[in-house]
Structures are given as structure tokens and as C-alpha cells.
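Here is a quick tour for anyone meeting this structure for the first time. Have a look at the chains before reading on.

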Amino acid sequence: MSGAAIEVEGLGRTFKVRGGDVVALKDVNLTVGQGEIVGLLGSNGAGKTTLTKILATLLLPTGGTARVLGHDVTSDLREVRRLTGVVLGGERGLYAKLTGRENLRFFAVLAGVGRRGLVDRLEAALDHVGLADVADRAVETYSKGMRQRLHLAIGMINEPPVLLLDEPTVGLDPVEAERLRQDVAVLRSRGTSVLLTSHLLLDIERLADRVVILADGEVAADVEVAEFAKLAGYTAIVTVRGTGCPPVLDGAQASRFAVDDLTEASGLWTLRLRVRDWSVESFGHLGAVLGGATILGVDVAPLRLEDVYSHVAAQLAANGRTGVGEVRP
Amino acid sequence: MSATLPPAASIFATLPKGVLQIVFFTVLGGVVAGQDHRQFAFVGGLVLALTTTNTVNVINVPFGDKYFSTFWRIRHGDVPVAVVLYARAVPYLAVGFGLFLAEAAIAAAVLGMTDVALRLLPWLPVFALMACGYALLGIAAATATIAKRADVLAPNILGYLTMLCAGAFLPPGRVGWIDAIGSVLPVRHGLAAVRAGLDGRPWLTEAVLELVICLASAALGLLAVAVQTRRAARHGHDDFA
Amino acid sequence: MTGPPLLGDRLRGAAWTFLTAARTEQRSMRGNPLLLVNAGFLPVVLLVIAVEAQRPPADRAAQIVTSVMLTALWGSTVWTSGGVLRRERTYGTLARCVCGVESPTVVLFGKSLGATLYGVGTILVATVATVLALRLPVALAHPFWLAVGLLVVVVSATTLGALLSCLFLLTRNGLLWSGALMYPVFVLGGLLIPQDVLPVWLRWVPQLLSLRWINEFLSDAAGPGPSATPLAVAVALTVAYGVVATRTYRWSIDKARQRGSLDHA
């Protein structure tokens with residue numbers, strides 16, 4: 001058995017629809033190491049959920065291979081299912097008339113949890129996701145966040161070494177989302193490998209070790225989270241407001257700053273600069289740029305992963321075709 | 001739910017059901033009470049198919065608003081809720097009656113009772129009156145229970161009560177409590193009028209009683225709509241979750 | 001990580017999953033209105049109209065009661081155990097049910113058993129209450145064989161329900177077909193309407209329904225004495241239903257995994 005928790009090689013999936021074929025995954029290659037949390041990013045239709053479903057044995061690929069802890073997802077179903085927890089989330093996927101505990105009990109048994117120790121495990125899981133107090137209430141009375149936490153408890157009940165999380169925080173309020181992130185963060189300490197699909201980059205920022213971007217059914221980038229931030233080509237945006245003549249960047253300054261936007265109205269100007277590399281020296285360089293100007297105010301906004309993703313997505317769209325190594329700062 | 005189903009599927013599932021329902025009750029009549037009971041059961045079977053299989057689809061109107069969460073839009077419109085509700089029920093009633101005519105023709109041919117079916121043709125207006133009464137009470141029952149799990153139960157109970165108490169299979173006068181319940185429900189008086197007409201007996205009184213019960217069902221429906229609309233405004237339960 | 005489980009462990013695991021599925025389905029049937037309608041009201045209405053239309057003699061009463069119960073069981077099976085997979089699809093739980101560690105068939109049959117037990121129990125209560133209310137003279141000549149027949153009823157209805165469930169899974173209009181499938185068996189099932197009343201060219205149809213053979217066995221067990229042949233045919237048909245259900249279910253799941261439609265509503 002190899003050291004990787006998830007290995008995907010040349011994975012493809014084409015859906016037949018009326019009027020032709022839809023290619024959801026073309027040639028996906030990625031690995032998730034044991035104990036690693038990998039964030040899977042991509043716009044709608046990029047193939048994230050398709051990939052998750054194939055790994056969860058819910059969907060058959062039309063090409064390539066995928067293995068979970070060395071077991072093929074198309075032939076070693078029993079082993080893959082025993083080793084994998086899946087959280088697809090959403091409001092469906094639960095028996096609304098049954099209680100949270102009854103739901104968890106049933107799905108725990110389906111996941112292979114034996115009779116011995118089941119009750120203790122149910123209690124622990126409910127406690128872990130903060131549903132112990134409402135465990136005997138019908139799920140139809142649960143809020144969206146409570147249902148999502150129950151999904152998480154179901155996905156983790158057999159303590160799988162590999163967990164697939166598809167949009168775990170979607171639709172949750174900030175408090176619920178943060179609580180769920182903490183639940184996932186605990187998995188890291190247990191050595192669980194996680195493939196985390198999310199539109200919310202805060203999830204990726206807080207949880208993931210590595211980011212994989214899917215675009216048009218292919219891996220467009222596969223980098224460490226720290227490296228991912230550099231894909232935008234800047235680390236902060238400085239917004240300066242002043243009067244008089246706006247500053248002009250010379251060649252040396254242009255290597256450190258990029259003018260994002262400059263607007264002038266009624267004698268006032270607003271300049272947005274992208275700082276390529278924020279450091280102590282940046283203040284000195286910024287002073288040099290703004291030296292002759294009358295400054296009314298300065299605002300510094302650190303880079304967010306949303307900005308990085310927007311930049312990457314725009315670049316991918318501009319490129320027309322995608323692939324590893326094509327996304328550049 | 002039928003409202004969400006393709007019309008072709010709905011028709012192809014309903015038509016055989018109606019035919020077989022008429023055949024079942026007619027043949028069962030012969031089996032349990034002798035060949036003389038077959039004609040009695042055939043006429044009753046027709047009415048049961050008309051109401052419990054075809055007309056019952058009118059409840060898809062309130063059910064549809066529950067499942068698609070559209071009641072609030074109707075409530076916020078200019079047109080009174082009851083008008084919208086009943087207007088939308090008309091197509092179900094019309095299609096149901098059309099299907100019933102086809103089912104009756106097929107079943108009569110299968111059972112060799114075409115002569116009886118032809119003798120029933122002049123009584124179609126009374127059949128239509130029974131369908132209206134049943135539809136109105138069905139809408140009233142579905143609307144009254146729409147916010148509860150009993151929404152599935154109410155129309156089905158009405159169906160079984162009709163089967164038991166309308167005099168469709170069991171002749172009136174056998175069981176007192178069944179007669180008592182039947183006399184305040186749609187169908188029983190209309191069916192009695194049809195049977196009297198076929199036998200050449202006076203039928204008008206029973207037909208008028210059927211009309212009275214039809215109007216009472218309409219009043220109950222209006223009451224149920226008013227209560228649910230008021231409840232929705234007071235508690236904000238437009239989705240009836 | 002451990003190696004593959006031993007055969008004994010696998011059997012124990014399958015039995016545990018089967019029982020848990022049955023128990024879960026029973027719990028979700030609590031207060032299910034469809035159960036009350038088809039298992040509670042149907043036998044009462046059929047029994048009252050069949051008996052009060054013309055009071056049967058003592059030797060015919062038990063036969064009518066048995067036929068009514070099995071007719072109601074068909075109605076209940078179509079909606080309850082026959083609706084197991086349709087409901088899973090509605091709730092969005094089908095994907096998880098077929099992707100458990102144990103075989104999806106084990107889960108399906110467990111759930112079908114849970115629904116059937118509830119249905120049979122409700123039908124029994126409703127029928128006994130109606131028989132008492134109507135003061136029907138029903139004799140139970142061979143109670144042991146009646147109990148055996150009842151056991152076969154439960155197993156057969158469970159398998160039949162699983163088969164129907166798989167067939168309904170093949171269509172998006174399962175609810176509609178559930179309603180449409182009731183009367184064909186009422187007419188052609190050889191239960192309330194005897195086989196010899198049907199046209200000659202249709203008399204083979206009831207032979208394919210296990211409930212018709214169980215009806216014959218139970219009627220004999222309540223009266224003159226049980227016969228092994230109808231019981232054996234009922235068991236054989238039950239096994240056949242099970243095989244067809246298992247194959248259909250596997251085929252449906254494979255198709256759904258190919259098409260990606262497992263979690264469609």
C-alpha cells in the first residue's frame with residue numbers, strides 16, 4: 001500500500017446528456033497525503049463535486065483511476081467505504097421524522113460500526129458536534145447548521161482515516177461555520193486525511209495544508225496554502241487619498257508596487273496600489289512614492305484568499321485553456 | 001404528487017386504475033352477494049371510480065402550494081385566495097370527469113354491462129353533481145389539514161368513508177351507523193337518485209339533497225380557506241412546514 | 001488498518017445491519033398516515049362491505065377474513081415496504097444507504113421487513129377488531145399452521161415489498177404507479193376474487209402471486225386442514241421474488257452510479 005491517502009491518476013468523467021456529452025473531469029491527477037488536509041477549489045461546474053462523488057464510490061469514473069489508501073474506488077468498494085467518511089451536506093440526506101440520535105445510529109451501522117461500543121461512540125460523536133442536548137429531537141426541527149453538524153457526525157462516526165467534505169459550511173451562519181471549522185481542525189490532530197471542497201476560502205485558509213484548483217475538469221494549480229497566496233502577485237492593497245498632483249511611479253518603484261486604480265474628482269485623487277511583497281522596507285518605498293503628494297489618508301488591506309482566487313479565476317478565464325503550471329503570479 | 005407528474009404518466013396510471021376499480025367492485029359484488037348484486041355494484045363502482053380515483057386529484061391544488069411553498073404568493077395577490085383555489089381545481093375536475101367517462105366505457109365493455117352504462121347516460125348530470133360535492137369536500141378536508149401530517153390522511157379517510165357509507169357496494173339500510181354517516185356526505189344521495197331513476201322511482205328529492213350537501217361542502221371549503229389564510233397571516237406558516 | 005474481516009464477522013455484521021435497518025424503518029413508520037390508510041382502514045372497509053352485503057356462513061367467514069387481510073396486505077405493501085427506496089430518494093438518503101460497508105440489499109430487505117411488520121401488525125389489529133365488532137363466527141382449526149402461514153406471509157410480503165421498491169426505483173413516478181398497482185392485484189390476485197371467476201386466459205396470473213397461495217394455505221389451515229403444496233409454492237415464489245429484487249437492485253445501483261443519479265430526488 002502506498003503512503004498516500006488519496007491517489008487520483010488521469011481521472012475522467014463524462015456525462016451523457018440530451019444533445020451531447022458534458023465533460024466534468026478530463027484528466028485529474030492529485031494526491032492527498034496521510035494526515036494532510038487538502039482544499040479543493042473551483043468555480044461552479046469545475047468538477048469538484050464529481051471528483052468527491054467518485055472518491056465516495058457514489059459515481060463511476062469514465063477514465064483513469066482513483067485509490068483510497070491503496071484501494072481502487074471502482075473495484076474495492078467495501079474497503080473504500082470502510083476507510084472513507086463522506087459529508088455531502090445540505091438539508092437532505094437525513095430522515096426528518098427520526099431523531100438525530102436515530103439517524104446517527106442507523107448511518108453508523110451502515111458505516112460498519114459494530115454493536116459493541118456503539119452507544120458510547122454515538123454519545124461521543126453527538127457531544128463532539130454539540131448536538132448532545134438535542135439528540136432526541138426529530139431532525140425536522142433542526143436548523144440548517146444543526147443538520148450540517150449531524151452530517152459531519154455521521155461522516156466521522158466510524159473514525160475513518162480519510163474524510164471527504166463537500167461544502168461543509170455552505171449556508172451556515174458565521175458562528176455555526178466557525179464551530180464546524182473547529183470540528184474539522186480537531187481531525188488534523190487525529191491524523192485524518194481530508195479532501196475539503198469549499199467555495200468559502202476562509203475554510204481553506206483556516207484548515208487546508210494545500211490547495212488544488214480545478215478548472216474545466218483539470219487541475220489548474222496544486223500548491224501549498226502559503227504558495228497559493230503568492231499566486232495573486234501581491235500581498236496587500238494600499239489605498240491612498242490626497243490632493244494636488246497624484247504621484248507617478250518610476251521604474252524601480254513599479255517593481256515593488258503596481259497601480260491598481262487611480263481616480264480623480266474635484267481636486268481629490270484616490271490611488272490603489274498593489275504591494276508585491278510587504279515588509280518593513282515597504283513603508284520606506286511607499287514614502288518615496290508618495291513623497292511629493294499631499295496625503296489625506298492611507299488604508300492598508302492585507303491580501304485575502306478570495307482576492308487570490310479571483311485573480312486566479314480571472315487568469316484562467318483569460319487563458320482560455322487551463323493546466324498545472326499555467327497559473328502564474 | 002400528481003401535480004408534479006407528466007400528464008401522460010398521470011393519465012396512463014389513472015385510467016387503468018379506474019377501470020380495474022369498477023371491475024373489482026362489480027365482480028366482488030357477484031362473488032359475495034350473488035349475480036343479482038352485480039348491477040348494483042357496477043353502478044356503485046362507477047361512482048367510486050369517479051370520486052375516489054378521478055375527482056380526488058383536486059387536492060393537488062392545496063397540496064401543490066404546500067410542497068412548492070407558493071401559498072404566500074397567492075395570499076399576497078389581489079384575487080381572493082378561495083377564488084384562486086377553486087379556479088385551479090376546475091381543470092382537475094374536468095379531466096377527472098373525462099377520464100371517468102373513458103373508464104366507464106371500457107369497464108362496461110369488459111364486464112358485458114354496456115346496456116346498463118347506456119341507461120346511465122341521462123344521469124350524467126347527477127354524476128357531475130356528485131363529483132362536484134366530493135371535490136368541494138375534498139378541498140375543504142385537504143385545506144383544513146394542510147399544515148399537519150394528517151393532510152395525507154384526510155382525503156384518504158374521505159375516500160374510505162365514501163367506499164363504506166355511500167351505498168356504492170353495501171345497500172342502504174343494512175348498518176345504522178353507516179347510513180347515518182353516509183347521509184351527511186356527498187355521493188350517497190346522488191347515487192340513491194340515480195338508482196331510483198334507473199328503477200323508475202321518484203329521484204328528485206335525493207338529487208336536491210345531494211345539491212344541498214354540495215353547497216354545504218363549498219361552505220366548509222370557504223371556511224377552511226379563511227381559517228388557513230388567517231392562520232398564515234398570524235403565524236407566518238405559509239410554507240406549512 | 002486491519003485485514004479483511006472473517007466470514008463469521010461478515011455474517012454478524014450483515015445480521016446487525018439487517019436488524020438495524022428493520023428497526024430504523026419501523027421507527028420512521030411511526031404515525032405514518034399511509035400505513036394507517038392502507039393497513040388500518042382498507043381491511044375494515046373491505047371486511048364490512050363484503051360481510052354486510054351478504055352475511056357469510058361460518059365455514060366461508062374465515063376464508064373472507066383471510067382474503068381481506070391479504071388484499072389489505074397487498075395495498076399496504078405497495079405503499080409501505082414497496083415505497084422504501086422511493087422514500088430514500090425523496091429524503092436524499094439513498095446514496096448513503098447504498099454506499100454503506102454492508103451490501104445495499106441487506107439494508108433494503110431489512111427496511112422492507114421493518115415496514116412489513118408494521119403493516120401486518122396494523123392489519124391484524126384492524127381485522128380482529130372488525131371481526132369482533134361484526135360478530136363474525138371465525139373458526140381457527142389449526143392455530144399452529146396459521147402461525148406458520150403468518151410467518152410465511154411476513155417473509156413473502158417483505159420480499160415482495162423489496163421487489164416493488166426496486167421496480168419503483170426504475171421510474172421517477174413511483175408514487176403514481178404505487179396507486180395504479182393496487183387494483184390489478186385486487187382483481188387478478190386470486191384473493192377476494194377467486195381465480196375461477198376470472199376468464200380462462202387470465203387464470204395463470206394469480207399463480208404468480210405468493211399471496212394467492214398463502215391465502216389457500218391459510219384458508220385450509222383455518223378449516224379442513226393445511227396442505228403442503230400451496231405453502232411450498234408460496235415459499236418458492238418468495239425466493240424467486242428475492243432473487244429478482246436483488247438483481248434488479250444491483251442493476252439499478254450500477255446504472256445510477258454510471259449516470260450519477262444516486263442522489264437525485
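Let's start with chain C. An unreviewed UniProt entry marks residues 33-51, 63-85, 117-138, 144-170, 175-193 and 228-249 of chain C as "transmembrane region". Positions from UniProt are given in the numbering used here, feature names are shortened, and such annotations may be inferred rather than shown by experiment.

A word on the model itself: it is predicted, so local features need pLDDT of at least 70 and side-chain atom pairs count only at pLDDT 80 or more, while totals for chains, interfaces and linings use all residues. Residues are numbered from 1 along each chain as its sequence is written, and chains are lettered from A and ligands numbered from 1 in the order in which they are written.

Two of the annotated spans of chain C look like this, where helices (H or I, at least four residues) and strands (E, at least two) are DSSP runs, numbered from the N terminus:

| Span of chain C | Distance between end C-alpha atoms | Helix | Strand |
|---|---|---|---|
| residues 33-51 | 26 Å | 100% | 0% |
| residues 63-85 | 33 Å | 83% | 0% |

Now for how the chains meet. Two residues are in contact if their C-beta atoms, placed from the backbone, lie within 7 Å. Of the 2 pairs of chains that touch, B and C have the most contacts. Here 30 residues of chain B meet 27 residues of chain C. On the chain B side, α1 (7-33) and α8 (153-165) each supply at least two residues, and α1(B) brings the largest share, 14 residues. That side of chain B has 22 nonpolar residues (Ala, Val, Leu, Ile, Met, Phe, Trp, Tyr, Cys and Pro), 5 polar ones (the others, Gly among them) and 3 charged ones (Asp, Glu, Lys and Arg).

Chain C also touches chain A, with 22 residues of chain C in contact with 26 residues of chain A. On the chain C side, α1 (7-29), α5 (94-98) and α11 (228-259) are the elements giving two or more residues. The largest share, 6 residues, is down to α1(C). By class, this side of chain C splits into 8 nonpolar, 9 polar and 5 charged residues.

What about chains A and B? They don't touch, and their nearest C-alpha atoms are 9 Å apart.

Finally, chain A on its own. Its secondary structure comes to 11 helices and 14 strands, and its C-alpha trace spans about 75 × 45 × 40 Å along its principal axes.
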